[in-house]
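Reader: I have a model open on my screen and would like to talk through how its parts fit together. Could you walk me through it?

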Number of protein chains: 2
Amino acid sequence: MKILITGFTGFVSQHFLALLNEMEPGSSVLGIDKNKPDFNFSAFPELNISFENIDLLDREATEKILDYFKPEYILHLASVSSVAQSWHTPLESFVNNTTIFLNLVEQIRVKNRKCRILSVGSSEEFGEVTEAELPLTEEHPLKPLSPYAVARVSQEMLSKIYADGFALEIIMTRSFNHIGPGQKDLFVIASFAKQFVQLSKENITKNTITTGNLSIIRDFVDVRDVVKAYYLLLKKGKRGEVYNICSGNGIVLKDIVSSMAKILNLDVETVVNPDLIRPTENKKVVGSYQKLKTELGWEPEISIEKSLKDIIGYWQNEAK
Amino acid sequence: MKILITGFTGFVSQHFLALLNEMEPGSSVLGIDKNKPDFNFSAFPELNISFENIDLLDREATEKILDYFKPEYILHLASVSSVAQSWHTPLESFVNNTTIFLNLVEQIRVKNRKCRILSVGSSEEFGEVTEAELPLTEEHPLKPLSPYAVARVSQEMLSKIYADGFALEIIMTRSFNHIGPGQKDLFVIASFAKQFVQLSKENITKNTITTGNLSIIRDFVDVRDVVKAYYLLLKKGKRGEVYNICSGNGIVLKDIVSSMAKILNLDVETVVNPDLIRPTENKKVVGSYQKLKTELGWEPEISIEKSLKDIIGYWQNEAK
């Protein structure tokens, strides 16, 4: 396949490349990002990869890229995806999630290009949910509760208009919390793993790790399962439809801590950092992937135990 | 009051000024718009009105205006409000409804200003509705069906975030089809009235007027009632709440044509222009203003008959 990947330097992109390297050797990939990639393309020997350092807010640069590369597929991963950050810079969060998307799809529309586009969204779009409403299906009403979530809902509504009103081949996702090797320690599971690995390297009698609220329950899905869903949706997803990508399981954060302690054979105490507690947050969020299973046969395959082991392995490797 | 009015050159603004001239003589008004006003400020002798020709997309200009005027209230009327146009320039429609709003409220937030803001929205936000769901209350789910409607829903979601998350005093509306003297003939009722007045001035044996689909039923509310609601909401609306502004009555367009024919004592035939038929549109849309009535005592006071007579009077005056 000939695919443009936005948000190329992120960890999801690398896992997608690994999948594509296996599934469709010979594929052409153009990566774009406003940051530069810090990984080596030689890890994906079967792919023809090139990279352009552009900001999708730059409409002319975006136009040029599409004109010369002429992608058959676009995997739109680019996003300022931090909820916390969106409270500090709400305007930038909104514009960097909506205008960058519009700059892409407007070019596809205006030039009447044939191209299938995956618009990645987030479970944050659901906003406030009660336990009685779980698991969340795609039909559940959206009540976004952060600037980031509003931006994602806007992107999804725009996708629907471009798909239904302009007949663009856009498919949308609501991706739940993904985890996996390579994720930055801004995210909770990666942060725990990094701290655990540091502790295991040191000879400290009192082991403590810093956390936020450990009683919340989230639906964690391994990034390697996520990119399989992205690949399937790019190939066979229905135009204008939105798909949950999740594990279907709720896991309480304190069990993640216990599992990691067990894997590394460590005794730890947890210390809550109040800065990591969000003012309002759902106690429990679990999604349903029934639609993706029924339509495309997708199911998550990687257990939480394997995810955690691999994440710890990643941080052990990083620490070397 | 000291009020900034955006979208100052539009017809809603003029009716708001007339109300303010009566209700709060001595008020200071700063109008801003990217177009220049074509009306005379001397019609509002009790107000201190000034005008600045700026585009709200210009963040620095917006900042300067707020810095020097220091409004206590903002009536945010500015919008690229044509649904049809939004299908031709979806990106501009989206940016001109969301970024201009963000440029305003971000300044209020960052500088921690005390200011009550009315964010005007549209009944278009509801999107597809069935007759069984009427009249529409504020709780009805939003399924926007045009780029314009998506932009308006985004603006409303952003308003909610700024109100609930940043404690800004923002109140939102979903304003239904407003009609009244001064409205441009881009809009259906004004277009009918203008055509009727032209016919009444000529001695033509065969009277025809050009229309779109005359069987659709809409909730028309007189702009003079609308601006009363805006005034009340600016003063007493609840932060972060959205209010329908509507008449509560559904009127079929062909009855509007008959009423105008009767007012002018004309016999007319209608000719449908296929260009004026929208690909998808609701057969019937009627809103409920119960929330605005219960909380603030607002009710529409101007009958459709009076609205139509005054609109015809306006076009007769224009034709002189």
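**Helices, sheet and partner**

Author: Gladly, and let's begin with a pair of helices: helix 2 of chain B and helix 4 of chain B are oblique to each other. Please keep in mind that this is a predicted model.

Reader: At roughly what angle do the axes of helix 2 and helix 4 of chain B cross?

Author: Helix 2 of chain B covers residues 59-69 and helix 4 of chain B covers residues 90-110. Angles under 35 degrees count as roughly parallel and 65 to 115 as roughly perpendicular. The two helices are therefore oblique to each other. Their axes come within 10 Å, and the crossing angle is roughly 45°.

Reader: Thanks! Which residues of helix 4 of chain B make the contact with helix 2 of chain B?

Author: The crossing of these two helices of chain B is right-handed. On the side of helix 2 of chain B, the contact uses R59(B), T62(B), E63(B) and L66(B). The residues of this contact divide into two nonpolar, three polar and two charged. From helix 4 of chain B, the contributors are N103(B), L104(B) and Q107(B).

Reader: Now for the sheet: which strands of chain B are its edge strands?

Author: Chain B has an open sheet of seven strands with parallel pairing, in the order 3-2-1-4-5-6-11. From one strand to the next, the twist averages 20°. An edge strand here pairs on one side only, and that description fits strand 3 (48-53) and strand 11 (242-245) of chain B.

Reader: Which residue stands opposite L4(B)?

Author: Strand 1 of chain B (residues 2-6) runs parallel to strand 2 of chain B (residues 28-33), and five bridges join them. Across from L4(B), in strand 2 of chain B, stands L30(B).

Reader: Which strands of chain B does helix 5 of chain B touch?

Author: Two helices can be placed against strands here. Helix 4 of chain B lies across strand 4 (73-76), strand 5 (116-119) and strand 6 (169-175) of chain B, at about 175° to strand 4 of chain B. Helix 5 of chain B (residues 147-164) packs on the sheet, making about 155° with the direction of strand 6 of chain B. The strands of chain B that helix 5 touches are strand 5, strand 6 and strand 11.

Reader: And the two chains: how are the two copies related?

Author: A turn of 180° with a shift of 0.0 Å along the axis lays chain B on chain A, at an RMSD of 0.0 Å. Of the residues of chain B, S154(B) comes closest to that axis, with its C-alpha at 2.9 Å. The copies are thus related as by a two-fold rotation axis.

Reader: Which element gives the largest share of the side of chain B that touches chain A?

Author: Contacts involve 18 residues of chain B and 18 residues of chain A. Helix 4 and helix 5 of chain B are the elements that give two or more residues to the chain B side. That side divides into 13 nonpolar, four polar and one charged. With seven residues, the largest share comes from helix 5 of chain B.

Reader: Last one: how many residues of the contact of helix 1 with helix 7 of chain A are nonpolar?

Author: Helix 1 (residues 11-23) and helix 7 (residues 223-236) of chain A have axes that come within 9 Å and cross at roughly 65°. The crossing is right-handed. Among the contacting residues are F11(A) and F16(A) of helix 1 and Y230(A) and Y231(A) of helix 7 of chain A. One residue of this contact is polar and two are charged, while the nonpolar ones number 10.

Technical notes
Residues are numbered from 1 along each chain as its sequence is written. Chains are lettered from A and ligands numbered from 1 in the order in which they are written. This is a predicted model: local features need pLDDT of at least 70, side-chain atom pairs count only at pLDDT 80 or more; totals for chains, interfaces and linings use all residues. Axes are lines fitted to C-alpha atoms, for helices over the stretch in contact, and angles run from 0 to 180 degrees between N-to-C directions. Helices (H or I, at least four residues) and strands (E, at least two) are DSSP runs, numbered from the N terminus. Angles under 35 degrees count as roughly parallel, over 145 as roughly antiparallel, 65 to 115 as roughly perpendicular and the rest as oblique. A crossing is left-handed if the near helix is turned anticlockwise from the far one by less than a right angle, and right-handed if clockwise. Two residues are in contact if their C-beta atoms, placed from the backbone, lie within 7 Å. Ala, Val, Leu, Ile, Met, Phe, Trp, Tyr, Cys and Pro count as nonpolar, Asp, Glu, Lys and Arg as charged, and the others, Gly among them, as polar. Two strands pair if DSSP finds at least two bridges between them. Copies are superposed by least squares on the C-alpha atoms of residues with pLDDT of at least 70 in both.
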